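Biologist: I am new to this structure and would like a close look at a single part of it, with the surroundings described afterwards so that I can place that part.

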Amino acid sequence: MVVSSVLIQQLLSHQTTAILLLNEHLQVRFINSAAEDMLSVSGNRVIDLPLQQVIENFNPTISELGDALLSNQPYTKREALLKPSHGNSITVNYTVTPIPDETESHLLIEFFTMDRWLQISREENLMWQQQTSKMLTRGFAHEIKNPLGGIRGAAQLLAMELQQKHLADPSLNEYTDIIIGEVDRLSQLADQMMGPNKPLQFCVVNIHEVLERVHQLLASESQGNITIERDYDPSIPEIQGNKEQLIQALLNIALNAQQALADANTPDAHISIRTRTERQITIGNQRHRVVCRVDIRDNGPGIPTALHDTIFYPMVSSKARGTGLGLTIAQHIVNQHQGLIEQHSIPGNTCFTIYIPLPSQRESS
Ligand SMILES: Nc1ncnc2c1ncn2[C@@H]1O[C@H](COP(=O)(O)OP(=O)(O)OP(=O)(O)O)[C@@H](O)[C@H]1O
Ligand SMILES: [Mg+2]
């Protein structure tokens, strides 16, 4: 079958891979719509332009392109960072294939964008980390809790014995009271670490009602010393969730921000709470068409660098009186909503982002 050149052009135009065809002078001779989207350019404007004018930081490979033309050898580059003249930098894999011709040779460049894949693997890695931390925490808490019942029982028996035999010296009972009190505290801590042992009851929840409650508690905690801004997208539909648990999760994050600002005596202390929807987000191995995104941002000193990779683990804390469980619990609750928490922090700008899928929008990847 002979395929017409018009059909070939149409086929190339409809390909989802971004394609550029260059002539021997490395000027653009053809660009398909996927490449137009990727480079944020319009096809008519770039035809005949030298490649360097279309992609600014492609220059180091210009000589490689020339070599490919001369040697007639295709080659592939992985994870190259491109800076299109218009638009943001992107990470791509690309393949260069020389197409020799009697009149004029050409180079075909196919780009495969990596940003989405890198993002997915980063998210998968985070989910994996969070699952591992959850398993470790639960196992650890379970092991701590096991002997506590026995210790408490023995202390109670001892207290009774003491009462019977040493009525004259009640101070001895103070020791058993301390044992019982500390055992109860540890047991409560272990319960928190294990999280709720029943599946959460879900119902329809308005995320802004959750955040308004968090705002109220935060405002009373900070006693007017911190400016709290709210920037809500009112079009966000209701989510399926457990309101009380979501308040707990978001409050833990917001209180950390408040404590960081207060501990560092940050001048002009600010916390902002922002909601938006976001499209095409992969959490674990699920792709979600639309998710609700909550950003809780503060202008405090930032997360200590040494803790960056471990703050979601239990018992990780920079505070003298911190249990290091706030974020572990928050992450556990958000995970139960099929969601994800991410953080980015530099001094003066710390942001915790919570993604929660919106109902009936989930699709398998
Ligand atoms: N907004 C923030 N700014 C700076 N550091 C933060 C922020 N949020 C969290 N952190 C760091 O992460 C650590 C862990 O937080 P997490 O809430 O898990 O425990 P904690 O606040 O120390 O104790 P608690 O169990 O009482 O919440 C904190 O001790 C702090 O060092
Ligand atoms: Mg905390």
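How many bridges join strand β7 to strand β9, and do the two run parallel or antiparallel?

Modeller: Please keep in mind that this is a predicted model. Strand β7, which covers residues 227–231, is joined to strand β9, residues 270–283, by five bridges, and the two strands run parallel. One of the positions that can be followed by eye is D231, whose bridge partner in β9 is R274. Strand β9 also pairs with strand β10, residues 286–298, and here the strands run antiparallel, with twelve bridges joining them. In that pairing T275 stands opposite V294 of β10. In a regular strand, side chains alternate between the two faces of the sheet.

From β10 one can go on to the largest pocket, since β10 is among the elements that give two or more residues to its lining, together with α7 (171–194), α9 (243–263), α10 (326–336) and β12 (349–357). This pocket holds about 970 Å³ of space, and 41 residues line it, with N256, Q259, K319, G326 and L327 lying nearest its centre. Helix α9 supplies the largest share of that lining, namely ten residues. Sorted by class, the lining of the largest pocket consists of 19 nonpolar, 17 polar and five charged residues.

The second largest pocket has a volume of about 340 Å³, and of the 17 residues that line it, L126, Q129, H308, D309 and Q343 are the closest to its centre. Two elements, α6 (115–165) and β11 (340–346), are the ones that give two or more residues to this lining, and α6 provides the largest share, six residues. The classes in the lining of the second largest pocket are five nonpolar, nine polar and three charged residues.

A further point for a careful reader is the cysteines, for a search of the whole structure finds zero disulfides. C203 is in no disulfide, and the nearest cysteine sulfur, which belongs to C292, is 15 Å away. The sulfur of C351 has its closest cysteine sulfur in C292 as well, at 13 Å, and C351 therefore forms no disulfide with C292, because that is too far for a bond. As for their surroundings, C351 is buried, because its relative accessible area is 5%, under the 20% limit for that word, whereas C203 counts as partly exposed because its relative accessibility is 43%. C203 is found in strand β6, residues 203–205, and, when residues up to four places away in sequence are not counted, C203 touches I239, Q240 and G241. The C-alpha atoms of C203 and T353 are separated by 23 Å, although these residues are 150 places apart along the chain.

Finally, towards the start of the numbering, Q15 is found in the loop between α1 (5–14) and β1 (18–22). Q15 counts as partly exposed because its relative accessibility is 35%, and, leaving aside neighbours within four places in sequence, Q15 is in contact with N32 and A34. Between Q15 and I180 there are 70 Å in space, taken from C-alpha to C-alpha, and the two are 165 residues apart in sequence.

Note on methods:
Residues numbered from 1 in each chain as written. Chains lettered and ligands numbered in written order. Predicted model: local features only at pLDDT ≥ 70, side-chain atom pairs only at ≥ 80, totals over all residues. Heavy atoms only, no water. Disulfide = S-S within 2.5 Å. Buried < 20%, exposed > 50% of the residue type's maximum accessible area, 1.4 Å probe, protein only. Pairing = 2+ DSSP bridges. Helix = DSSP H or I, 4+ residues; strand = E, 2+ residues; numbered from the N terminus. 1 Å grid on protein atoms, 1.4 Å probe; cavity = no way out; pocket = protein on both sides within 12 Å on 5 of 7 lines; lining within 4 Å. Points joined across faces, edges and corners; volume = space filled by probe spheres on them. Nonpolar A, V, L, I, M, F, W, Y, C, P; charged D, E, K, R; others polar. Contact = heavy atoms within 4.5 Å.
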